[in-house]
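Biologist: I'd love a close look at one part of this model, please. Start from the core and work outwards, and spell out your cut-offs as you go.

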Amino acid sequence: MTMNILFHICCAPCAIYPLSRLQEEGFAVQGYFYNPNIHPYLEYQKRLKTLQEFSTRIGLSVSYDEGDDLDEFLVRVAGKGTGRCEQCYRMRLDAAAVEATKIGAGLFTSSLLYSKYQKHDLIRGVAKETAWEHGIEFYYEDFRAGWREGIMESKAMGLYRQQYCGCIYSERERYESK
């Protein structure tokens with residue numbers, strides 16, 4: 001029996017390898033885009049458009065939650081320092097768990113587990129808590145194993161590739177480190 005899984009997608013390039021792994025494992029994958037952290041608005045639009053083009057190209061069904069939750073995101077992360085990532089993960093993974101429950105998926109996961117720049121253990125912990133709160137299961141796999149493969153494939157496909165995680169803080173850090 002095929003298990004339905006909701007796949008939270010932060011961006012198209014980060015979805016490539018995890019999607020291939022989920023399909024290899026025999027999951028029926030439903031994509032989900034909810035990322036109120038992405039700033040500025042034009043960056044958000046680029047990532048949204050790139051995912052729409054990618055999903056159309058490969059035939060992946062994706063639901064898009066484009067609610068204007070930027071204010072809530074900023075309230076949750078402002079003044080949290082390095083703790084801001086936990087709030088960001090919590091907000092997005094909670095929405096993914098709700099969506100998974102709504103569509104009757106037995107599991108959910110996230111492309112956040114692909115990036116070597118994300119706080120992997122924190123994502124896993126927050127996702128397990130969120131899953132428990134919503135009475136659903138979280139599917140864990142360390143997708144970082146396909147880091148290079150995903151990069152090569154996204155370049156071969158000509159996908160827009162962003163240079164920071166998405167939030168205003170990571171954008172600032174991107175320039176500060178140079």
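Modeller: Gladly! The largest nonpolar core (buried Ala, Val, Leu, Ile, Met, Phe, Trp, Tyr and Cys residues joined through side-chain atoms within 4.5 Å) has 55 residues, and Leu22, Val29, Phe54 and Phe108 touch the most other members. Helix 4, residues 84-103, gives the most to this core, with nine residues. This is a predicted model, in which local features need pLDDT of at least 70, side-chain atom pairs count only at pLDDT 80 or more, and totals for chains, interfaces and linings use all residues. Numbering runs from 1 along each chain as its sequence is written, and side-chain values use heavy atoms, with hydrogens and water left out.

Let's follow Phe54. Setting aside residues up to four places away in sequence, Phe54 touches (heavy atoms within 4.5 Å) Ala12, Ala15, Ile16, Leu19, Met157 and Leu159. Phe54 is one of the buried residues (under 20% relative accessible area; exposed is over 50%, partly exposed in between; 1.4 Å probe, protein chains only) of helix 2, along with Glu43, Tyr44, Arg47, Leu48, Thr50, Leu51 and Ser55. Down the axis of helix 2, these buried residues fall within an arc of 165 degrees (directions from the axis to the C-beta atoms), so they line one face. Their cover includes helix 1 (12-24), strand 2 (28-33) and strand 3 (62-64); helices (H or I, at least four residues) and strands (E, at least two) are DSSP runs, numbered from the N terminus. On the face turned away from the buried side, helix 2 carries the exposed residues Tyr41, Leu42 and Thr56. Just after helix 2, Gly59 takes a positive phi of about 80 degrees.
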